[in-house]
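Hi there,

Here is the model I promised to pass on to you. Have a look at it first, and my notes follow underneath.

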Amino acid sequence: MSKLEELKLELKNLGREYAKIKTLDPAERKAFGEKLNAKKQGLLAEIKALEDAAFSEDLPALDFSAPFGENAPKFTYKKGTKHPLTTELSIVGEIYRNMGFNVIEARQLDDEFHMFESLNFPEGHPARDGYDTFRTEEGFIPPAHTSTMQYRALTRFRGNLEEKGQIAVVVPGRVFRNEDVDATHEHTFYQCEGVFVSRSANMGQLLSVLKTFFETYYGQKLNIKTQPGYFPFTEPSLEFQIEKPAALGGKGDGWLEMCGCGMVHPNVLKTAGIDPEVYKGFAWGGGIDRLVMLKYGINDVRYFESGKLDFLKEF
Ligand code: DAH
């Protein structure tokens, strides 16, 4: 352990000492607290001095003949790591790519048409209120789900219908909802959308795509079930669930809803210039944060957006 790491550890341990204050006699608390504070200030100063030294290190004389990078200072601090969601999103994309899907990225600012009209939510439709959408002063919408990308995916890959007989796209992206935040709800989170269109697309294919995806992601066989759902952009609509496996902390009784899905509504195909008399589609969309929480046993979704280094360093 370097001197710097030792000092940081000492600081962390000191943090625990503060909890003892409560257990002390009121008369002793002040002196004890002052002693801890003095110790803490001393440690912080030592840490800062060491960290500053790493940055202001005297550079060696610049050698013009050296290969690129040789004149760079030799810093001693550690590089950061990728955010767990960044890592997991690329794993998710990779699994779908291996299954034959195109992967395109979602937007972080969208509009009324992509959020609602193109998805068969007519104006004034009550289901519009279910999405707790934010709006900018100009009327733009930070997307409340990745389904806003369906119209773009369908029109961008429409040509594939003639060439290959199908459209197969998934769209991971960041989404935003104006809702109260707690251990299972965030205003900012991630989803992954998928849409498939062909002359013979059907529910059996939808379920096999989802089962394959979740089993590959968790590296094990899973029991699945569906129940009826409602989304204006699919008919019929389903909620897709997996049974929480023992390896992921399940006791054989819990079902977890992993995504919404269904057969693409004919109006959605029509709006995207695809003839629903000829082509059928299925689509699905679900949260990535929840997927990752289950994989790693993370019990509070707020950690992801918190910037807490203790949490991030575990990955
Ligand atoms: N966008 C829905 C949501 O966030 C989930 C969803 C349901 C996506 C059905 C789909 C779908 O593509 O077909 O609640």
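Strand 2 (residues 166-176) and strand 3 run antiparallel and are joined by eleven bridges; within that pairing, V169 has V195 of strand 3 as its bridge partner. Helices and strands here are DSSP runs (H or I, at least four residues, for a helix; E, at least two, for a strand), numbered from the N terminus, and two strands pair if DSSP finds at least two bridges between them.

Before I go further, some housekeeping. This is a predicted model, in which local features need pLDDT of at least 70 and side-chain atom pairs count only at pLDDT 80 or more, while totals for chains, interfaces and linings use all residues. Residues are numbered from 1 along each chain as its sequence is written, and side-chain values use heavy atoms, with hydrogens and water left out.

Back to the sheet. It is open, has seven strands in the order 1-2-3-7-6-5-4, and its pairing is mixed. Strand 1 (102-103) and strand 4 (224-229) are the edges, each pairing on one side only. Strand 3 (residues 188-198) also pairs with strand 7 (residues 280-287), antiparallel and over eight bridges. Along that pairing, F196 is matched with F282, G194 stands opposite W284, and Q191 stands opposite G287. Strand 7 pairs with strand 6 (residues 255-264) too, again in the antiparallel sense, over four bridges. There M263 is the residue opposite F282.

How covered are these strands? Eleven of the eleven residues of strand 3 are buried, as are seven of the eight in strand 7. Buried means under 20% relative accessible area, exposed means over 50%, and partly exposed is in between (1.4 Å probe, protein chains only). In a regular strand the side chains alternate between the two faces of the sheet. For strand 3, one side holds T188, Y190, C192, G194, F196 and S198, the other holds F189, Q191, E193, V195 and V197, and both are covered.

Next, the ligand, which may be the part you open up straight away. It has 16 residues around it, and H145, S147, R177, Q191 and E193 come nearest; a residue is counted as near when one of its heavy atoms lies within 4 Å. Three side chains place a polar atom by a ligand oxygen: R177 at 3.0 Å, Q191 at 3.0 Å and E193 at 2.6 Å. On its own the ligand has 360 Å² of accessible area, and the protein covers 93% of that. Those areas come from the Shrake-Rupley method with a 1.4 Å probe; for residues, only the protein chains shown count as cover.

What about the nonpolar packing? In soluble globular proteins, nonpolar side chains tend to be buried together. I used "nonpolar core" for a set of buried Ala, Val, Leu, Ile, Met, Phe, Trp, Tyr and Cys residues joined through side-chain atoms within 4.5 Å. The largest one has 40 residues, of which Y96, F214, Y218, W284, I288 and L291 touch the most other members. Helix 7 (residues 203-218) supplies the largest share, seven residues. A separate core has 29 residues, including Y131, I141, V197 and Y279.

I288 is worth a click. Beyond its neighbours within four places in sequence, I288 is in contact (heavy atoms within 4.5 Å) with L85, L89, V92, Y190, Q191 and C192. I288 belongs to helix 9 (residues 288-296), whose buried residues are I288, D289, L291, V292, M293 and L294. Just after that helix, G297 takes a positive phi of about 65 degrees.

Finally, two glutamates. Which of them is buried, and which is partly exposed? E88, in helix 3 (residues 84-98), is buried, with a relative accessible area of 3%. Its side chain makes polar contacts with the side chains of Y217 at 2.6 Å and K295 at 2.9 Å. A polar contact is a pair of N or O atoms within 3.5 Å; within protein, one must be able to donate a hydrogen and the other to accept it, and residues adjacent in sequence count only if both atoms are side-chain atoms. E10, in helix 1 (residues 3-17), counts as partly exposed because its relative accessibility is 35%. The side chain of E10 has a polar contact of 3.2 Å with the side chain of K39.

Best wishes
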